[in-house]
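User: I am new to this structure and would like a close look at one part of it, namely the charged side chains and the surface around them. Could you take me through that part slowly and then set it in the context of the whole chain?

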Amino acid sequence: ASSHPFMRLFSGMNHQYTRREVFCRNTCHDLKRFWEREIGKQAYYRESEEHRLGRSALRKLREEWKQKLETKLRLRNNPEDAEKRTNVG
């Protein structure tokens, strides 16, 4: 008999059944490993995309706030510009 514990368990059985069980076990393991990898890839892609979108929105917000602050500082430093804008608008 073989030294593998699985083979010893089925040593009294016909070899065709033993081979099928070994094949199924290996195939099941390979399928499980394949789907675990696929799920891992999908999780990684999803997290990467969420991170990218988060950075993008943050960058956009920072730019908006920067423009607002620059406008306020410019109006504070040049009050004449503020008067011109209110008279024109």
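Analyst: **Charged side chains and their surroundings**

E38 and K41 are joined by a salt bridge, in which the closest N and O atoms are 3.3 Å apart. This is a predicted model, and the distances quoted here are computed from its coordinates. Because E38 and K41 are 3 residues apart in helix α2, about one helical turn separates them. As for their surroundings, E38 has a relative accessibility of 22% and therefore counts as partly exposed, a little above the 20% under which a residue would be called buried. K41, with a relative accessibility of 41%, also counts as partly exposed.

A search of the whole structure finds 5 salt bridges, and two further examples can be described in the same way. One of them links R33 with D30, whose closest N and O atoms are 3.1 Å apart. R33 and D30 both belong to helix α2, where they are 3 residues apart, or about one turn of the helix. R33 counts as partly exposed because its relative accessibility is 36%, and D30, at 38%, is likewise partly exposed.

The other example is made by the side chains of R52 and E49, which meet in a salt bridge with an N to O distance of 2.6 Å. Here too the partners are 3 residues apart in helix α2, so that about one helical turn lies between R52 and E49. Their accessibilities put both partners in the partly exposed class, R52 at 39% and E49 at 36%.

Beside these charged pairs, what makes up the nonpolar surface patch of about 450 Å²? The patch is formed by L31, F34, W35 and I39. L31 lies in helix α2 and, at 47% relative accessibility, counts as partly exposed. F34 is partly exposed as well, with a value of 40%, whereas W35 is exposed because its relative accessible area is 52%, and the exposed class begins over 50%.

Two members of this patch are also in contact as rings. A search of the whole structure finds 2 aromatic pairs. One of these is formed by F34 and W35 in an edge-to-face arrangement, with 4.9 Å from centre to centre and 75° between the planes. Further along the sequence, a charge and a ring come together: K68 lies over the face of W65, at 5.0 Å from the ring centre.

To set this part in its context, the protein chain has 3 helices and 0 strands, following the pattern α-α-α when read along the sequence. Of its 89 residues, 4% count as buried. The accessible surface of the chain comes to about 8,500 Å², and 56% of that surface belongs to carbon and sulfur atoms.

A word of caution belongs with this picture. The chain averages a pLDDT of 77, and 62% of the residues score at least 70. Confidence is highest in helix α2 (residues 15–77), at a mean of 85, and lowest in helix α1 (residues 5–9), where the mean is 54. Where pLDDT is low, predicted coordinates should not be read in detail. The three salt-bridged pairs described above, E38 with K41, R33 with D30 and R52 with E49, lie in helix α2, the element with the highest confidence in the chain.

Definitions and conventions. Residues are numbered from 1 along each chain as its sequence is written. This is a predicted model: local features need pLDDT of at least 70, side-chain atom pairs count only at pLDDT 80 or more; totals for chains, interfaces and linings use all residues. Side-chain values use heavy atoms; hydrogens and water are left out. Helices (H or I, at least four residues) and strands (E, at least two) are DSSP runs, numbered from the N terminus. Buried means under 20% relative accessible area, exposed over 50%, partly exposed in between (1.4 Å probe, protein chains only). Accessible areas come from the Shrake-Rupley method with a 1.4 Å probe; for residues, only the protein chains shown count as cover. pLDDT is the predictor's confidence in each residue, from 0 to 100. Patches are made of residues with over 30% relative accessible area and no salt bridge: like charges are joined within 9 Å, nonpolar side chains (Val, Leu, Ile, Met, Phe, Trp, Tyr) within 5 Å. A salt bridge is a side-chain nitrogen of Lys or Arg within 4 Å of a carboxyl oxygen of Asp or Glu. Rings of Phe, Tyr and Trp (its six-membered ring) pair if their centres lie within 6.5 Å; planes under 30 degrees apart count as stacked, over 60 as edge-to-face and the rest as tilted. A charge sits over a ring if NZ of Lys or CZ of Arg is within 6 Å of the ring centre and within 35 degrees of the ring normal.
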